[in-house]
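Here is a short briefing on one structure. Keep the sequence and the 3D view open while reading.

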Amino acid sequence: MYHQPVLKNRRTLLERAEKFISDAYFTDCNLRGRLYGESYPLESLSQFMSPKRITLMEAQTQSFTPYNVGDTFGPTWWTCWFKATLNIPECWRGKEVHVLWESDGEAMVWRDGQAVQGLTKEGEKTSYILSDCLTDKEPHSVTIYVEMACNGLFGAGNGSMIAPPDPNRKFSVQKAELVIFNREVRELMTDFEMLIDIVKELGEGEQRSYQALFTVNEMVNVSDPTDPSSFSGARSLAQKFFSQHNGQSQHTVHAMGHCHIDSAWLWPYEETIRKCARSWVTVIHLMKKNPDFVFTCSQAQQFEWVKCWYPGLFSEVQQYIKAGRFIPVGGTWVEMDGNLPSGESMVRQFLEGQLFFEQEFGMRCKEFWLPDTFGYSAQLPQIMQGCGISNFLTQKLSWNLVNTFPHNTFFWEGLDGSKVLTHFPPGNSYETKGKVEDLVKTVKQNKDKGRANHSVMLFGFGDGGGGPTQLMLDRLKRVQDTDGLPKIRMSSPDTFFSQLWADSHLLCTWAGELFLELHNGTYTTQAQIKRGNRQCETLLHDIEIASSLALCQDTTFQYPVGRLRELWRLLLLNQFHDVIPGSCIEMVVEDALRYYEDIRRRGAALLQDSLSALVSKGDATGVFNSLSWERFEVIQIQDGPSNELALVQVPSIGVNLIQETKPATPVCVTVQEDGSVLMENGIIRTVVKKDGTMASLHLISANREALSVGCCGNQFVMFDDVPMYWDAWDVMDYHLQTRRPVVEVVQPAHVLSSHELRGSVSFTLRISDKSTVTQEIVMDAMCPYIKFNTQVNWAESHKFLKVEFPVRVHSPNATYEIQFGHLQRPTHRNTSWDWARFEVWGHKWADLSEHNFGVALLNDCKYGYSVFKNTMTLSLLRAPKAPDANADMGCHHFTYAIMPHAGTFQDAAVIQCAYNLNFPLRLTPCSSDLALWSAFSISPAAVILETVKQAEGRKGALVVRMYEAYGGGVTATLHTTLPIREAWHCDLLEQTDTTQPACVTADGIILHFTPFQVRSLLLIFETASHQVKSGTS
Ligand SMILES: [Zn+2]
């Protein structure tokens, strides 16, 4: 029987209930004021500061000094270890006893040598539960250690979250005491909170909202905060409301605990290891108390870290994985960027990830999981399918600045036609708090209502870790089936996607890339990281091919399985979605560049080892070509002032001696009367003006001028680059209105080389009073493109440097290389979807072609492009100041190239030229009788052999990966001179299809490709002896 309401006044009733659980108002008499009972001081509290992240064992040996609550300590990134001894009063028997710990920073509680609980105020974890119900048998004297990182969940940004960290931040503990925790008050408060939120979220249009209002008002009437015996009456009112059930057609929300932990972002990699431990130890604790609780967890690297540093925690995680409650998801090594990693890198993300999950947990992930990444390549569906994955979850496209993505549940069709079932949780978050608001949004914002009756809601503090809390679980438990709200079930991704698949006939399909209309500056920010990624991808490619070939040439050669895996894992780690995009703090950049240096240094040694094994020793010089076509190129034989050049011919995936070869047409360099320089090599003729721009770029065979009438190519341009908020991430459309050509000449163009094999011109421009660009424009004999070797001394603030080529081509679309293929994007701004792509990403090349003629713009370490109308632009350098105040400051080296061509870019071999620019021919000492040797070749040219490596865990077998690069179906023949006994088709995880032996003929292995298809073969060597000498796995 309810009390009569005084008036029809919704507001007063609602606010009355809100104030009853407020922690700011009326705590002297409301329910919230009773959450904690008696408190009792700690027996002692002492501290010691460590500049390094050390183990508990090390910490325990240090000398601790007394600490008074409120005292400050620091600086940022240090660790404060606390030792706390406590005595629980005996009279607290029967009570729930907590250590209440309110502090800045992120802390881990250690007890009896084990990590037991994460503490963070920002993640609403300020209690360490000593006893749920104190008994006399439990120890009353306890010593705990608290390891406190001097950084917050989101690092230590100075003034705002993404500002560079304040290196001298002070930290303190504001509260450290024993308290009695009144669980029944917490439970009743949660009832109140849920009902109040239902009143607010369902609003005045819903009768359920009013039913909740009168229920919650009556609960205030019957609750006496001073008399816990009154709570049960109030709780049963709430229970009655919550247990009024939904109809059968109601939407189902699949709730999954989650804790998005950026592998590095506003904190360094090392801190992430501790973030994982703090978050996961808490998850395990919650699992023990909540038998239904399910937690999803991505990134094999983080499991590997925990395995290494917290073996006790790892074995508990293993147990819960076995029980199907702690669920590894994603299948990748890290949650990588979805745009910039190469095709092979993306394959390796899955290969390393899935193999790790298989080895450690006996399972593979069935879904790809990338909730926070800045756009998704059109080649991902095929790569996922090739790695045993048919489902995909993200939500990042909800961040689009211009267009609202039309689906939440749909099929995503990739470049080759592969389809994966895709879900964007409609709550538009991967870190909800399990509140009514999140549930209501999940239905309200769902754009596939009626088509799909299931959605995902991920709950738990994320980005900096933290994860779910007991409160979140308690909220969800109350409203599992409550009329007016969606049904909730604690679920796994597998269960969820199975439900979707079972009823997917009404779902729509989105074809092509999932382009994020935001964060488009991340294709350019932190140029050294981009360069490190490209160069290391190239280096690992070459090491694998050279090592695979060496296996067949030298019976003593050991394939460097373990060392290569270490280097790959470093590369893959740096592809994390805040590292390769450049959206991280300076400390992370330093780590990343150190990892690249490590890969370069150790990789160079591995490459040299394998090349030495490949050829017999001697005083001559041999050349190794890792690409699957013959190359005819000018190379520099010696570093240094002599700059000796040679024109070399090297067969596909093979070696040859350096021999004197004359070019068909020598390069001719002429200084003209006006000071401009004319260079010609029989293929192209160009005129470089004194200011370094190109007045002409002429394709001789076609008799076509490539540059637009009255325009110059190679025009450097500067833009103001001030985004709305996300500095390192975003470049806004309005920056285009601030274009200023770079025109001030410091040193005019002059001839640097007029060798018959190489002509070059150099010049220097002033970009500003702080920055300069020096460039060498290089024309090689026999080469269809002109290279621009560029050095920029860069000391700008919020500026964007690009280079433009206005070309004489008319086309509504430009083509950009992506992973294992290419795609087109418009050159016009017809619709909002078109103009939102004013800055786009591509890999080694972009092309603008009309019928029978086009121009390609190649690069060796850049990713940002734009083509508007007939102007092709390559993005070179940015200068954001947050979160790294020194981003991109200093000296940069990079090369791009321009290539006019007749016919299509496919027929003109633009793709092969872009590979040539990126994969240098490698020199190695050898004997003078080295015979020309090719291990593999493939025809036609549309199919590119991308990867040769030793098969995982299979000595004596190689994996060869190829893809169709031109966008058309084709039958190809792979020739090899290696002693192959068997050939099998296999997937990207190298599992052979035993029903599908490859078609081996006298001419080679015959393979059929559909457009942009990636195919892998497992090749088994002829002789058993190879199995002995091919290294350990
Ligand atoms: Zn993230």
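The notes below go topic by topic.

This is a predicted model. A zinc ion is coordinated by four residues: His260, Asp262, Asp372 and His577. The structure also holds 53 aromatic pairs. Two buried polar residues, Asn533 and Arg825, get their own entries.

**Zinc site**

- The zinc ion takes NE2 from His260, OD from Asp262, OD from Asp372 and NE2 from His577.
- The coordination distances run from 1.9 to 2.1 Å.
- The four donor atoms subtend angles of 88 to 157° around the zinc ion, so the arrangement is irregular.
- A tetrahedral label would need all angles between 85 and 135 degrees.
- Along the sequence, the donor residues follow the spacing H-x1-D-x109-D-x204-H.
- Asp262 and Asp372 link distant parts of the chain, being 110 residues apart.
- Asp262 belongs to the loop between strand S12 (252-258) and helix H6 (269-289).
- Asp372 belongs to the loop between strand S15 (367-369) and helix H10 (380-386).
- Both Asp262 and Asp372 are buried.

**Aromatic pairs and a ring cluster**

- Of the 53 aromatic pairs in the structure, two are described here.
- The ring centres of Trp280 and Phe303 are 4.9 Å apart, and the planes meet at 45°, so this pair is tilted.
- Trp280 sits in helix H6 and Phe303 in helix H7 (residues 300-309).
- Trp280 and Phe303 are 23 residues apart, and their pair links distant parts of the chain.
- Trp280 is buried, as is Phe303.
- Phe356 and Phe361 have ring centres 6.1 Å apart and planes at 80°, so this pair is edge-to-face.
- Phe356 and Phe361 are both buried.
- Ring pairs join these four residues into a cluster with Phe293, Phe295, Phe314, Phe326, Trp333, Phe357 and Phe459; the four are Trp280, Phe303, Phe356 and Phe361.

**Charges over rings**

- Lys19 lies over the face of Tyr25, at 5.1 Å from the ring centre.
- Arg208 places its charged end over the ring of Phe241, 3.7 Å from the centre.

**Asn533**

- Helix H14 (residues 527-553) contains Asn533.
- Asn533 has 0% relative accessibility, so it counts as buried; the cut-off is under 20%.
- Its contacts, leaving aside neighbours within four places in sequence, are Leu340, Leu571, Gln575, Ile580, Tyr596 and Tyr863.
- With Tyr863, the Asn533 side chain makes a side-chain polar contact at 3.4 Å.
- Cys783 lies 250 residues from Asn533 along the chain, and their C-alpha atoms are separated by 26 Å.

**Arg825**

- Arg825 lies in strand S39 (residues 821-826).
- The relative accessible area of Arg825 is 1%, so this residue is buried.
- The Arg825 side chain makes a polar contact with the side chain of Glu513, at 2.6 Å.
- The Arg825 side chain also reaches the backbone oxygen of Trp841, at 2.8 Å.
- Leaving aside neighbours within four places in sequence, Arg825 contacts Glu513, Pro812, Asn813, Ala814, Tyr816, Arg837, Val840 and Trp841.

**Cis peptide bonds**

- Ala882 and Pro883 are joined by a cis peptide bond, with omega about 5°.
- Pro883 is in the loop between strand S44 (871-878) and strand S45 (890-902).
- Ser939 to Pro940 is also a cis peptide bond, with omega near 0°.
- Pro940 is in the loop between strand S48 (936-939) and strand S49 (943-950).

**Positive phi values**

- Asp112 is a residue other than glycine with a positive phi, near 50°.
- Its place is the loop between strand S7 (106-111) and strand S8 (114-120).
- Asp112 has 71% relative accessibility, so it counts as exposed.
- Glu124, likewise not a glycine, has a positive phi near 55°.
- The loop between S8 and strand S9 (127-131) holds Glu124.

Note on methods:
Residues numbered from 1 in each chain as written. Predicted model: local features only at pLDDT ≥ 70, side-chain atom pairs only at ≥ 80, totals over all residues. Heavy atoms only, no water. Donors = N, O, S within 2.8 Å, 3.2 Å for Na, K, Ca; no water. Tetrahedral: all angles 85-135°; square planar, octahedral: opposite > 155°, others 65-115°. Helix = DSSP H or I, 4+ residues; strand = E, 2+ residues; numbered from the N terminus. Buried < 20%, exposed > 50% of the residue type's maximum accessible area, 1.4 Å probe, protein only. Contact = heavy atoms within 4.5 Å. Polar contact = N/O pair within 3.5 Å; in protein donor to acceptor, adjacent residues only side chain to side chain. Phe/Tyr/Trp six-rings, centres within 6.5 Å; stacked < 30°, edge-to-face > 60°. Lys NZ or Arg CZ within 6 Å of the ring centre and 35° of its normal.
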